[in-house]
Amino acid sequence: MSPRRRVLVVDDSAFMRQLIGDLAASTGEFEVVGTARDGVDALEQVEALDPDLVTLDVEMPRMDGLTALERLMATAPRPVVMLSAGGADGGAEATLRALELGAVEFVLKPSGPISLDLEQVADRLLAALRAAAQVDLRRTAPPVMAEVPTPRVPAAPPEQDGHRPPRWLVCIAASTGGPGVLAQLLARLPPLPDAALLIAQHMPARFTATFAARLHARARLVVREATHREPLLGGHAYVAPGGLHLLVDGPRAAPWTSLDSGPMRHGVRPAADPLFQAVAELAGPASVGVVLTGMGRDGADGLRRIRAAGGLGLVQDPATATIPGMPSAALEVAGADLIVPVEGVAAGVAELVARLREGAAAARA
């Protein structure tokens with residue numbers, strides 16, 4: 001029997017502290033070693049109790065959850081699961097900010113700050129705690145790009161921006177820990193006017209539009225949430241909408257996006273495997289598959305298809321992944337042309353696109 005992971009529960013409501021603590025303890029996998037009523041109290045309790053995991057409410061008096069998270073990650077980092085009551089944007093901005101600051105996962109309270117019906121998200125909360133229990137922050141890079149500028153106004157529609165269809169398609173799979181890695185990737189990646197990026201980040205509906213806008217604010221590519229039958233353009237990145245699979249279709253010389261509400265894959269939608277399969281069939285040797293941090297095996301079969309079709313594959317080094325499941329499965333099933341640490345993902349993607357260019361040039365010579 002593995003030892004129970006020690007949990008600190010932080011919420012400004014005594015009722016919610018009790019409810020969250022009872023749910024965490026209900027499986028026998030976790031031991032609630034303490035509670036805290038706000039961010040100030042949380043930092044003191046972390047120092048006194050040294051818990052393995054922390055559940056942290058976003059909205060609290062004296063010091064809110066985001067401020068407490070930032071200070072915790074700077075002074076005593078450990079896996080954190082955020083709980084959000086939502087808000088005007090469904091809690092998307094605060095949630096994504098927390099993930100960028102280093103939180104492992106987030107759970108939305110179903111009916112506001114005091115959710116008597118927390119049982120509705122019990123499975124989600126326990127899954128988040130189990131994911132957090134797998135994280136070893138000592139082997140991962142620190143949170144990246146903590147400060148995010150105000151998102152820019154989305155770029156002009158495709159027919160107005162003068163870009164051309166891409167020669168190369170780069171598809172990316174990410175789950176737990178992915179938002180921070182993708183933020184770093186998009187910030188460091190050169191414009192790539194001859195390539196389009198397609199991103200399948202496991203994320204619920206209501207969050208992906210805000211996620212795309214936050215990525216766009218720091219990227220040198222145009223980043224947008226994908227829409228149905230949108231022409232793909234070089235120098236653009238397309239984020240799969242929550243609740244839909246992102247696919248590609250059309251002629252190879254002028255492909256477009258296709259959104260699909262078909263069955264979940266690996267328990268999620270969007271999933272990476274359907275995207276990778278569609279890219280392999282359409283682009284074959286003009287494609288790159290990228291598998292980043294996450295739990296499970298999504299992306300592994302898809303990367304195998306891309307490489308079998310003549311495309312190239314990049315996998316994040318599992319030793320630098322927040323959760324090593326997805327990159328480990330990808331390496332086992334598909335192998336890779338490049339294995340890079342988290343800080344090398346952008347350079348690795350640029351290198352593989354350059355290899356495609358060089359290969360095409362050599363074939364023409």
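Colleague: Where does Gly-180 lie, and what makes it count as buried or exposed?
Modeller: Gly-180 lies in helix H6 of this predicted model. Its relative accessible area is 13%, and buried means under 20%, so Gly-180 is buried. The C-alpha atoms of Gly-180 and Glu-358 are separated by 31 Å, with their positions 178 residues apart along the chain.

Colleague: Why is Thr-176 called buried?
Modeller: Thr-176 has 6% relative accessibility and the cut-off is under 20%, so Thr-176 counts as buried. Thr-176 is placed in the loop between E6 and helix H6 (178–188).

Colleague: What makes the pair Thr-176 and Glu-105 a polar contact?
Modeller: The contact between their side chains is 3.4 Å, set against a limit of within 3.5 Å for a pair of N or O atoms. Beyond its neighbours within four places in sequence, Thr-176 is in contact with Val-104, Glu-105, Thr-293, Gly-294, Thr-322 and Ile-323.

Colleague: Is Arg-62 buried or exposed, and how do you know?
Modeller: The relative accessible area of Arg-62 is 59%; exposed means over 50%, so Arg-62 is exposed. Arg-62 sits in the loop between E3 and H3. Its phi is near 65 degrees, a positive value in a residue other than glycine. Arg-229, in the loop between strand E8 (222–225) and strand E9 (236–239), also has a positive phi, of about 55 degrees, and is not a glycine.

Colleague: Which residues of helix H3 are buried, and why say that they line one face?
Modeller: In helix H3 (residues 65–75), the buried residues are Gly-65, Leu-66, Ala-68, Leu-69, Leu-72 and Met-73. Seen down the axis they fall within an arc of 160 degrees, so they line one face of H3. Exposed Ala-74 and Thr-75 are on the face turned away from that buried side. The cover over the buried residues includes H2, E3, E4 and helix H4 (92–101).

Colleague: What makes Asp-64 a cap of H3?
Modeller: A side-chain oxygen of Asp-64 lies 3.2 Å from the backbone nitrogen of Leu-66, at the N-terminal end of H3.

Colleague: How do you know which strands stand at the edges of the open sheet?
Modeller: The sheet has 5 strands in the order E2-E1-E3-E4-E5, paired in parallel. Strand E2 (30–36) and strand E5 (105–108) each have a single partner strand, so one side of each lacks a neighbour in the sheet. Neighbouring strands are turned by 20 degrees against each other on average, direction ignored.

Colleague: What makes E1 and E3 a pair?
Modeller: Strand E1 (residues 5–10) and strand E3 (residues 53–57) are joined by 4 bridges and run parallel, whereas pairing needs at least two bridges. One of the bridge partners is Val-54 in E3, opposite Leu-8. Helix H2 (residues 39–49) packs on this sheet and touches E1, E2 and E3; its direction makes about 135 degrees with that of E2.

Colleague: Why are the buried residues of H10 said to be on the same side?
Modeller: Met-326, Pro-327, Ala-329 and Ala-330 are buried in helix H10 (residues 325–333). They cover an arc of only 160 degrees around the axis, which puts them on the same side of H10. These residues pack against strand E6 (168–174), strand E12 (287–291), helix H9 (300–308) and strand E13 (312–316).

Colleague: What is the omega of the peptide bond from Arg-269 to Pro-270?
Modeller: Omega is near 15 degrees, and the bond is cis. Pro-270 lies in the loop between strand E11 (256–260) and helix H8 (272–283).

Technical notes. Residues are numbered from 1 along each chain as its sequence is written. This is a predicted model: local features need pLDDT of at least 70, side-chain atom pairs count only at pLDDT 80 or more; totals for chains, interfaces and linings use all residues. Side-chain values use heavy atoms; hydrogens and water are left out. Buried means under 20% relative accessible area, exposed over 50%, partly exposed in between (1.4 Å probe, protein chains only). Helices (H or I, at least four residues) and strands (E, at least two) are DSSP runs, numbered from the N terminus. The arc is that of the directions from the helix axis to the C-beta atoms. Contact means heavy atoms within 4.5 Å. A polar contact is a pair of N or O atoms within 3.5 Å; within protein, one must be able to donate a hydrogen and the other to accept it, and residues adjacent in sequence count only if both atoms are side-chain atoms. Axes are lines fitted to C-alpha atoms, for helices over the stretch in contact, and angles run from 0 to 180 degrees between N-to-C directions.
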